[in-house]
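Subject: Handover of a structure and the findings so far

Dear colleague,

Please find below the structure that is being passed to you, together with its sequence. An account of what was found in it follows.

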Amino acid sequence: MEHELIFSSEVDRDTSDYETMLTQVISAALDAEGVTVPCEVDVLFTDDAGIHQINLEQRGVDSPTDVLSFPMFEWTPGQPPTEETAETDPATGLLPLGDMVLNLDRAGEQAAEFGHSLRRELAYLTVHSVLHLLGYDHLDDGPQQRQMRAREEAILGGLGITRD
């Protein structure tokens with residue numbers, strides 16, 4: 001399925017390799033979740049300062065984080081949008097799924113901390129964000145978190161992206 005991914009960056013580094021990889025990751029995550037409508041996802045690459053400001057303005061949280069997700073609609077985990085349930089944009093035929101903001105500073109720190117590559121960390125954060133856009137959450141530290149973690153690992157495993 002052809003999704004439209006709109007990449008932008010607030011950092012002074014070439015993100016084109018990341019964009020290519022994340023296009024594959026986002027498409028695989030949407031496919032794995034059974035999304036049957038073409039979606040639009042906006043992806044912003046930023047740094048600690050940029051995500052800190054967004055976090056403060058949008059969520060009232062005065063600190064940076066690794067990734068933020070801003071879904072356009074509320075979905076139930078495991079019940080993806082379909083042609084019958086999706087409100088597609090009449091002009092494009094796409095479902096505006098939402099926005100994700102990736103902090104390249106924090107992704108690099110976490111990759112080093114966990115002993116894997118930046119590409120793996122960005123893939124993980126991207127799958128994590130797509131699942132948030134599709135209604136998954138992990139705030140309960142219980143069943144919802146286990147469900148989300150299981151889906152993350154299944155999707156990354158299907159892509160052959162491991163912690164190595």
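**Salt bridges**

Asp48, Arg106 and Glu109 are joined to one another in a network of salt bridges. Please bear in mind throughout that this is a predicted model. Side chains of opposite charge can pair when their charged atoms come close. Over the whole structure, the search finds six salt bridges.

Within the network, Arg106 pairs with Glu109, and the closest N and O atoms of this salt bridge are 3.5 Å apart. Both residues belong to helix α3, where three residues separate them, about one turn of the helix. Arg106 is partly exposed, at 22% relative accessibility. Glu109 is also partly exposed, with a relative accessible area of 45%.

Helix α3 takes part in a further pairing: Asp105 forms a salt bridge with Arg13, with 3.9 Å between the closest N and O atoms. This pair links distant parts of the chain, as Arg13 is in the loop between β1 (4–9) and α1 (16–32) while Asp105 is in helix α3 (residues 104–114), 92 residues apart. Arg13 has a relative accessible area of 35% and is partly exposed. For Asp105 the value is 29%, which is again partly exposed.

A third pair to note is Arg151 with Glu33, a salt bridge whose closest N and O atoms are 2.6 Å apart. Here too distant parts of the chain are linked: Arg151 is in helix α5 (residues 143–158), Glu33 is in the loop between α1 and β2 (39–46), and the two positions lie 118 residues apart. Which partner of this pair is buried and which is partly exposed? Glu33 is buried, because its relative accessible area of 8% is under the 20% limit. Arg151, at 23%, is partly exposed.

Helix α5 also holds Gln144, which is partly exposed with a relative accessible area of 38%. The C-alpha atoms of Gln144 and Pro77 are separated by 9.0 Å, although these residues are 67 residues apart along the chain.

**Nonpolar cores**

In soluble globular proteins, nonpolar side chains tend to be buried together. In this model the largest nonpolar core has 39 residues, and those that touch the most other members are Leu30, Val43, Phe45, Leu97, Met100 and Leu102. Two or more residues come from each of β1, α1, β2, β4 (95–103), α3, α4 and α5. Which element gives the most to this core? Helix α4 does, with eight residues.

Apart from this core lies another, of five residues, including Leu44, Ile51, Ile54 and Leu68.

Met100 deserves a closer look. Leaving out residues up to four places away in sequence, Met100 touches Ile26, Val41, Asp42, Val43, Leu44, Leu68, Thr126, Ser129, Val130 and Leu133. Two of these contacts, Thr126 and Ser129, are described next.

**Two residues of helix α4**

Thr126 is placed in helix α4. Its relative accessible area is 0%, so Thr126 is buried. Beyond its neighbours within four places in sequence, Thr126 is in contact with Leu22, Val25, Ile26, Met100 and Leu102.

Ser129 lies in helix α4 as well. Ser129 counts as buried, because its relative accessibility is 0%. Not counting residues up to four places away in sequence, Ser129 touches Val67, Leu68, Ser69 and Met100. One of these, Ser69, is 60 residues from Ser129 in sequence, yet the two are 5.5 Å apart in space, C-alpha to C-alpha.

**The largest pocket**

Rolling a probe the size of a water molecule over the atoms shows where empty space is left. The largest pocket holds about 500 Å³ of space. Its lining is made up of 21 residues, of which Arg59, Ser69, His132, Asp137 and His138 are the closest to the centre. The elements that give two or more residues to this lining are β3 (67–71) and α4 (118–133). By class, the lining has eleven nonpolar, six polar and four charged residues.

Helix α4 therefore appears in two of the settings described: α4 gives two or more residues to the pocket lining, and α4 gives eight residues to the largest nonpolar core.

With kind regards

Methods. Residues are numbered from 1 along each chain as its sequence is written. This is a predicted model: local features need pLDDT of at least 70, side-chain atom pairs count only at pLDDT 80 or more; totals for chains, interfaces and linings use all residues. Side-chain values use heavy atoms; hydrogens and water are left out. On a 1 Å grid over the protein atoms alone, a cavity is a set of points where a 1.4 Å probe fits but cannot get out, and a pocket is an open set with protein on both sides within 12 Å along at least five of seven lines; lining residues have an atom within 4 Å of a point. Grid points are joined across faces, edges and corners, and a volume is the space filled by probe spheres set on the points. Helices (H or I, at least four residues) and strands (E, at least two) are DSSP runs, numbered from the N terminus. Ala, Val, Leu, Ile, Met, Phe, Trp, Tyr, Cys and Pro count as nonpolar, Asp, Glu, Lys and Arg as charged, and the others, Gly among them, as polar. Buried means under 20% relative accessible area, exposed over 50%, partly exposed in between (1.4 Å probe, protein chains only). Contact means heavy atoms within 4.5 Å. A salt bridge is a side-chain nitrogen of Lys or Arg within 4 Å of a carboxyl oxygen of Asp or Glu. A nonpolar core is a set of buried Ala, Val, Leu, Ile, Met, Phe, Trp, Tyr and Cys residues joined through side-chain atoms within 4.5 Å.
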